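User: I'm new to reading protein models, and I'd like some help with this one. Could we take it feature by feature?

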Amino acid sequence: MNIAPNGLPNPDVPPPDSLSHVPVLATEVMEALAPAPGRVLVDGTLGGGGHTRLLLEAGATVIGIDQDPYALNRVRAANLPGLTALEGNYRDLRALLAPLGVTRVDGVLLDIGVSSFQLDDAGRGFSYHTDAPLDMRMSQSGESAADVVNTYPEEDLAAIIYEYGEDRHSRRIARAIGQARADSPITSTVRLAEIVKRAYPGFSKGIHPARRTFQALRIHVNDELGALRDGLGAAEDLLAPGGRLAVISFHSLEDRIVKRFLRGSSTLTPLTKRPVEAGEEEQARNPRARSAKLRAAEKMPPRSTGPEGTS
Ligand SMILES: C[S@@+](CC[C@H](N)C(=O)[O-])C[C@H]1O[C@@H](n2cnc3c(N)ncnc32)[C@H](O)[C@@H]1O
């Protein structure tokens, strides 16, 4: 791996195994977005470029966005014809597309959360399995997970772990973090995982108790739910009549936001009543697909206004 002076992998140099991300619910996403020549689609979560490749192969033009410079450089290095790759947060969709003169698009895809590249890259600090600096920032800017863990009051840490990790032992974990950091700052993933494990009552085997705490910190550090709320609104505004929105979420907190947003929207009509889940075969082939839920919707044409201004 190429290491930059800050000790993290160098974002300018794509690793040799470049694009190999397996896109989740690929067939269903293709059906929802109906890519075709002449259609301009936004992939707000470019990641490994898995979905984007399929959209391009179907002849669509794709504007791909990712806030992670490592992901972006990997995809850019593949020189995919028809793709414009932009670094940024999909919550800023409108501002990102404005310099391109794009004010209407035919489809938006959000495949939210972290990619397998990010999870597998030990240096990023997303995983409790391998020791790494406690970072977790997709965009490499803002507060890191170590900043949060070492400076937030225990009540705030407990609230984050409870709300975003849905862990009922949140207070106990926050207290353990408070005690441990009084000895020395918590700067590594494995140390945090050990602190959580020791604070967890009766753990012997099964899913590591740190899983929920790590999920919570990741969601907080990247403001994932705030970005999702903003991104859904931005996508709704940008879609042309007949344009499609497809959102893949991976846990109930995200899916709830998408479901409520679609319910409350006056311009988007859901294409399916229930979220679409991966079939058995895909779940067996790709464990990441097991918790994936796809919701898709279509933008309605504007209501025609009658002569007296009534609709
Ligand atoms: C699950 S992966 C996407 C995988 C992609 N669909 C594929 O098939 O290769 C999610 C990607 O979205 C990026 N991401 C997450 N939240 C984002 C946000 N708010 N704005 C821009 N990119 C974001 C992450 O950095 C990650 O690379």
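**Reading the model, step by step**

Analyst: Sure. Let's begin with one residue: aspartate 223 has a relative accessibility of 33%, so it counts as partly exposed. Keep in mind that this is a predicted model.

User: Where does aspartate 223 lie?

Analyst: Look in the loop between helix H10 (210-221) and helix H11 (224-238). There's something else to check there, the backbone angle phi. Most residues other than glycine have a negative phi. Aspartate 223 is not a glycine, yet its phi is positive, about 40 degrees.

User: Which residue other than glycine has a positive phi near 65 degrees?

Analyst: That's glutamine 140. Its place is the loop between helix H5 (116-120) and helix H6 (145-151). You can also look at a glycine: glycine 59, just after H2, has a positive phi of about 100 degrees.

User: Let's zoom out. How many helices and strands does the protein chain have?

Analyst: The protein chain has 13 helices and eight strands. Its radius of gyration is 21 Å, close to the 19 Å that the globule rule gives for 311 residues, so the chain is as compact as a globular protein of that length. The C-alpha atoms fill a box of roughly 70 × 45 × 40 Å along the principal axes.

User: What share of the residues is buried?

Analyst: Of the 311 residues, 52% count as buried. Buried here means under 20% relative accessible area. As for the outside, the chain exposes about 14900 Å², with carbon and sulfur atoms supplying 49% of that.

User: What do the contacts say about residues at least 24 apart in sequence?

Analyst: Take the contacts between residues at least 6 apart in sequence: 65% of them join residues at least 24 apart.

User: Now the strands, please. Is strand S5 (residues 239-249) enclosed or open?

Analyst: Count its buried residues. Nine of the 11 in S5 are buried, so this strand is largely enclosed by the rest of the structure. You can do the count for S4 as well: six of its seven residues are buried, so S4 is largely enclosed too.

User: Do S4 and S5 run parallel or antiparallel?

Analyst: Strand S4 (residues 105-111) and S5 run parallel, joined by six bridges. To find the pairing on screen, look for leucine 110 opposite valine 247, and leucine 109 opposite alanine 246. Here's a handy general idea: in a regular strand the side chains alternate between the two faces of the sheet.

User: Which other strands do they pair with?

Analyst: S5 is joined to strand S8 (residues 293-299) by six bridges, and those two run antiparallel. Serine 249 stands opposite lysine 293 in S8. S4, in turn, pairs with S1 in the parallel sense over three bridges, and valine 42 has valine 108 in S4 as its bridge partner.

User: What comes after S5 in the chain, between it and helix H12 (252-264)?

Analyst: There's a loop there, and histidine 251 sits in it. Histidine 251 has a relative accessible area of 15%, so it is buried. Leaving out residues up to four places away in sequence, histidine 251 touches Gln215 and Ile219.

User: Can we finish with a helix? Which residues of helix H2 (residues 50-57) are buried?

Analyst: They're Gly50, His51, Thr52, Leu55 and Leu56. The buried residues of H2 pack against several elements, including helix H1 (26-33), strand S1 (40-43), S4 and S5.

Technical notes. Residues are numbered from 1 along each chain as its sequence is written. This is a predicted model: local features need pLDDT of at least 70, side-chain atom pairs count only at pLDDT 80 or more; totals for chains, interfaces and linings use all residues. Side-chain values use heavy atoms; hydrogens and water are left out. Helices (H or I, at least four residues) and strands (E, at least two) are DSSP runs, numbered from the N terminus. The radius of gyration is taken over C-alpha atoms; the globule rule is 2.2 Å times the number of residues to the power 0.38. Buried means under 20% relative accessible area, exposed over 50%, partly exposed in between (1.4 Å probe, protein chains only). Contact means heavy atoms within 4.5 Å. Accessible areas come from the Shrake-Rupley method with a 1.4 Å probe; for residues, only the protein chains shown count as cover. Two strands pair if DSSP finds at least two bridges between them.
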